[in-house]
Amino acid sequence: NFENDILYRNALVNAFLDNDIALGIEAPKGLGKTFLIKCKRKRSQERGIKCLPIDSMCDILDKVTLEDSMFTYLGDYSNWIDLWKISICVAIIKSNSLTENVLSELINSLPKEDNQLFHELYESQFINTPCQMMNYLINSSRVLVRSLQKSIPVLIAAVKTINQPIHIFIDKTDQALRDN
């Protein structure tokens, strides 16, 4: 097992790897966080847990260029939280086959503006991961994004209909924002 040969183990590392509730890890640059995240993903997959993104070990946020109006909008930390909720929920919904009834109920319960942005994310062949969705939302119309923010409870309710664990692996979000 490659992780046993390479990974430095201590109580904190073991606690992170063995705990399904541990949601993140923080440490200074160069201490192997990315490797640790990949080890946790590998363990999750071996246990049969669905992992996102599907086509790579970790999702990475592309470099984000913020316009002046975006600084104001994202200056409110709750907007960051909401954008991540939308991004994660839609990625989960998209990667799981919701029953036709649940998907139809979700779409019908969204106001028209929300429905438009949701459909753009849901139907795109090129936007599949939470980070890709976050990038798309950051560059979308503020009016449509604010409207979709109101439907977060509907998105969360749709995700709750999925009866399987899903682990999402996101890395390097700070690097995408570093030069702004």
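This passage walks through a pocket, the salt bridges, an aromatic pair and several local contacts of the structure. The model is predicted, and the features below are best followed with the structure open alongside.

A good place to begin is the second largest pocket, which holds about 330 Å³ of space. Its lining is made up of 15 residues. Those that lie nearest the centre of the pocket are Asn10, Val13, Ile25, Leu31 and Leu36. By class, the lining has 11 nonpolar residues, together with two polar and two charged ones. Two helices, helix 2 (11-18) and helix 3 (33-46), each supply at least two residues of this lining. Helix 2 gives the most, with four residues.

The same two helices come up again among the salt bridges, of which the structure holds three. One of them joins Asp18 to Arg43, with the closest N and O atoms 2.4 Å apart. Asp18 belongs to helix 2 and Arg43 to helix 3, so this pair ties together parts that are 25 residues apart in sequence. Asp18 is exposed, with a relative accessible area of 53%.

Another salt bridge is found within helix 3 itself, where the side chains of Lys42 and Glu46 meet at 2.8 Å, N to O. These two residues are four residues apart, about one turn of the helix. Such a spacing suits a pairing of side chains, because an α-helix has 3.6 residues a turn and residues three or four places apart point the same way. The partners are not equally open to the surroundings: Lys42 is partly exposed, at a relative accessible area of 24%, whereas Glu46 is exposed, at 55%.

The remaining salt bridge links Asp171 with Lys172, and here the closest N and O atoms are 3.7 Å apart. Asp171 counts as buried, with a relative accessibility of 9%. Lys172, in turn, counts as partly exposed at 29%.

Turning to the aromatic side chains, a search of the whole structure finds one aromatic pair. Phe118 and Tyr122 form this pair, and the arrangement is stacked, with 5.4 Å from centre to centre and 15° between the planes. Both residues lie in helix 7 (residues 112-123), four residues apart, or about one turn of the helix. Phe118 is buried, its relative accessible area being 0%. Tyr122, by contrast, is partly exposed, with a value of 23%.

Beyond helix 7, the loop leading to helix 8 (130-138) contains Ser124. The side chain of Ser124 reaches the backbone nitrogen of Ile127 at 3.1 Å. With a relative accessibility of 15%, Ser124 counts as buried.

A serine also makes a contact with the backbone at the start of helix 9, where a side-chain oxygen of Ser141 comes to within 3.2 Å of the backbone nitrogen of Val143. Helix 9 covers residues 142-149, and its buried residues are Leu144, Val145, Ser147, Leu148 and Gln149. Arg142, also in helix 9, is partly exposed, with a relative accessible area of 22%.

Helix 9 also takes part in approaches between residues that are well separated along the chain. Arg142 and Tyr73 are 69 residues apart in sequence, and their C-alpha atoms are 8.6 Å apart in space. Leu148, one of the buried residues of helix 9, is 62 residues from Ile86 in sequence and 8.0 Å from it in space, C-alpha to C-alpha. Ile86 is found in helix 5 (residues 77-95). Like Leu148, Ile86 is buried, in this case with a relative accessible area of 0%.

One backbone detail completes the picture. The peptide bond from Leu52 to Pro53 is cis, with omega near 0°. Pro53 sits in the loop between strand 1 (50-52) and strand 2 (59-60).

Conventions:
Residues are numbered from 1 along each chain as its sequence is written. This is a predicted model: local features need pLDDT of at least 70, side-chain atom pairs count only at pLDDT 80 or more; totals for chains, interfaces and linings use all residues. Side-chain values use heavy atoms; hydrogens and water are left out. On a 1 Å grid over the protein atoms alone, a cavity is a set of points where a 1.4 Å probe fits but cannot get out, and a pocket is an open set with protein on both sides within 12 Å along at least five of seven lines; lining residues have an atom within 4 Å of a point. Grid points are joined across faces, edges and corners, and a volume is the space filled by probe spheres set on the points. Ala, Val, Leu, Ile, Met, Phe, Trp, Tyr, Cys and Pro count as nonpolar, Asp, Glu, Lys and Arg as charged, and the others, Gly among them, as polar. A salt bridge is a side-chain nitrogen of Lys or Arg within 4 Å of a carboxyl oxygen of Asp or Glu. Buried means under 20% relative accessible area, exposed over 50%, partly exposed in between (1.4 Å probe, protein chains only). A polar contact is a pair of N or O atoms within 3.5 Å; within protein, one must be able to donate a hydrogen and the other to accept it, and residues adjacent in sequence count only if both atoms are side-chain atoms. Rings of Phe, Tyr and Trp (its six-membered ring) pair if their centres lie within 6.5 Å; planes under 30 degrees apart count as stacked, over 60 as edge-to-face and the rest as tilted.
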